[in-house]
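Me: Could we take a close, unhurried look at one part of this structure and at what surrounds it? I am new to it, so please explain your terms as you go.

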Amino acid sequence: MNASELMQRALWLSEKGYGKTYPNPIVGAVITNNSGRVIGEGFHQRQASPDHAEIVAIKSAQESLKGATIFITLEPCNHTGSTPPCTQAIIDAEFARVVISIRDPHEVASGGVERLRAAGINVDLDILGKEVQFSNRSWLHKIHTGRPRMIWKVAQSADGKIAVGDGSPTWISSEESRADVQILRAQSDAILIGTGTALADNPHLIPRNATGRKNPDRIVIGMREIPTTHNLNDSNALTHFIKSQNPQVIVSKLSTYGYNQVLLECGPTLGNALLKAGFIDELMIYRSPNSLGEEGVQLFENEQALLASAQLLSKISIGPDTKSHYFIAKKGG
């Protein structure tokens with residue numbers, strides 16, 4: 001395999017860490033010997049082990065690493081935190097070459113490239129940089145902005161509605177779409193709803209079939225009390241109650257928890273308030289082919305204008321539904 005193919009493997013490995021690493025980034029690593037054969041690999045999953053991806057890969061190798069090459073999606077850390085610096089482990093193992101996709105923007109952890117080169121190791125940069133930046137966008141967003149990346153997941157009818165008029169729960173999306181949402185939940189560090197959703201639906205917010213990982217935290221926003229008998233008060237996941245309706249206060253509090261990615265499953269009042277305040281970064285829309293008509297509640301205040309200014313990343317069919325993924329345009333970029 002060539003360098004791009006090996007970094008693609010490291011990228012694939014890194015994404016197995018979604019939902020398992022916060023406050024750390026997702027990282028993957030692949031090691032080849034001097035003949036190009038893969039002899040070790042690994043990815044970071046902080047919930048299971050403090051070892052970074054490089055250390056996992058090094059420990060997995062069954063032969064000498066002298067003269068080997070390691071492919072890493074993120075610049076190796078160059079500081080002592082909860083673990084020793086990965087740069088020193090690479091130097092001690094006598095690697096000949098290190099291939100890195102993207103530099104680490106974190107001021108404390110950066111400097112790995114310079115340390116490795118000073119030790120006489122060849123370092124190559126920017127292999128699949130755009131792809132790795134996209135996969136690690138939530139952590140990178142947190143480093144650059146100080147707050148988690150916030151993804152609003154919504155299910156709506158063909159005519160843009162979300163619920164029948166009497167407020168009772170209504171399944172709009174298909175079983176296939178609801179199964180896809182379980183993947184989004186498992187990849188997120190926390191799931192956020194409002195007290196209205198909490199009281200009406202009494203949800204668990206626990207991903208199905210998410211074995212081998214900690215359940216995402218649950219965030220409940222609003223002034224109303226949630227009865228102790230509701231599912232959100234069980235022991236299956238940690239629940240934070242933020243008693244505020246002010247978007248600035250809500251996001252400021254969320255930022256103290258260190259999350260990389262928060263999935264919003266809230267209704268239009270809270271969602272549109274956060275959207276208007278500039279705190280929604282992505283939209284994931286599951287659109288049903290069915291209409292709700294006059295009985296439904298309009299989801300967005302101005303859907304046409306919103307989506308016209310957004311960047312469509314993907315649009316696919318899931319069962320009878322259409323799933324559209326958007327980046328939300330922000331002032332100043």
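Reply: Let's begin with contact, which means heavy atoms within 4.5 Å. This is a predicted model, in which local features need pLDDT of at least 70 and side-chain atom pairs count only at pLDDT 80 or more, while totals for chains, interfaces and linings use all residues. Residues are numbered from 1 along each chain as its sequence is written, and side-chain values use heavy atoms, with hydrogens and water left out.

A good starting point is Thr195, which belongs to helix H8 (residues 195–201). Helices (H or I, at least four residues) and strands (E, at least two) are DSSP runs, numbered from the N terminus. Is Thr195 buried or not? Its relative accessibility is 7%, so Thr195 counts as buried; the cut-offs are under 20% for buried and over 50% for exposed, with partly exposed in between (1.4 Å probe, protein chains only). Setting aside residues up to four places away in sequence, Thr195 touches Val220, Ile221, Gly222, Met223, Arg224 and Ile226.

Cys266 makes a good companion to Thr195. You will find Cys266 in the loop between S11 and helix H10 (268–276). Cys266 has a relative accessibility of 7%, and therefore counts as buried. Which residues is Cys266 in contact with, once neighbours within four places in sequence are left aside? They are Trp152, Leu192, Ile193, Gly194, Thr197 and Gly271. You can place some of these partners as you go: Thr197 falls within H8, and Leu192, Ile193 and Gly194 fall within strand S8 (190–194). Trp152, in turn, sits in strand S6 (residues 149–156), and Gly271 lies in H10. One distance may help you find your way around: from the C-alpha atom of Cys266 to that of Asn246, 20 residues apart along the chain, the separation is 15 Å.

Now widen the view to the sheet that holds S6, S8 and S11. Eight strands form this open sheet with mixed pairing, in the order S10-S9-S8-S11-S6-S12-S15-S14; two strands pair if DSSP finds at least two bridges between them. At the edges stand strand S10 (239–242) and strand S14 (311–318), each pairing on one side only. On average, neighbouring strands of this sheet are turned by 20° against each other, direction ignored. Axes are lines fitted to C-alpha atoms, for helices over the stretch in contact, and angles run from 0 to 180 degrees between N-to-C directions.

Within the sheet, S6 and strand S11 (residues 261–264) run parallel and are joined by four bridges. To see this for yourself, look for Arg149, which stands opposite Gln261 in S11.

Which helices meet this sheet? Helix H6 lies across S6, S11, strand S12 (282–287) and strand S15 (321–327), running at about 130° to S6. Helix H7 (residues 175–187) also packs on the sheet, where it touches S6, S8, S11, S12, S14 and S15, and its direction makes about 160° with that of S12.

H6 itself spans residues 137–145. Its buried residues are Arg137, Ser138, Trp139, Leu140, His141 and Lys142. After H6 comes Gly146, whose phi is positive, near 85°.

There is another sheet to find before we stop. Five strands form an open sheet, again with mixed pairing, in the order S2-S1-S3-S4-S5. Strand S2 (38–43) and strand S5 (122–125) are its edges, and each has a single partner strand, so one side of each is left without a neighbour in the sheet. Here, neighbouring strands are turned by 15° against each other on average, direction ignored.

Strands S3 (residues 69–74) and S4 (residues 97–102) run parallel and are joined by five bridges. Along them, Thr69 stands opposite Arg97, and Ile70 stands opposite Val98. S4 is largely enclosed by the rest of the structure, because five of its six residues are buried. Finally, helix H2 (residues 53–60) lies across strand S1 (28–32), S2 and S3, and runs at about 145° to S2.
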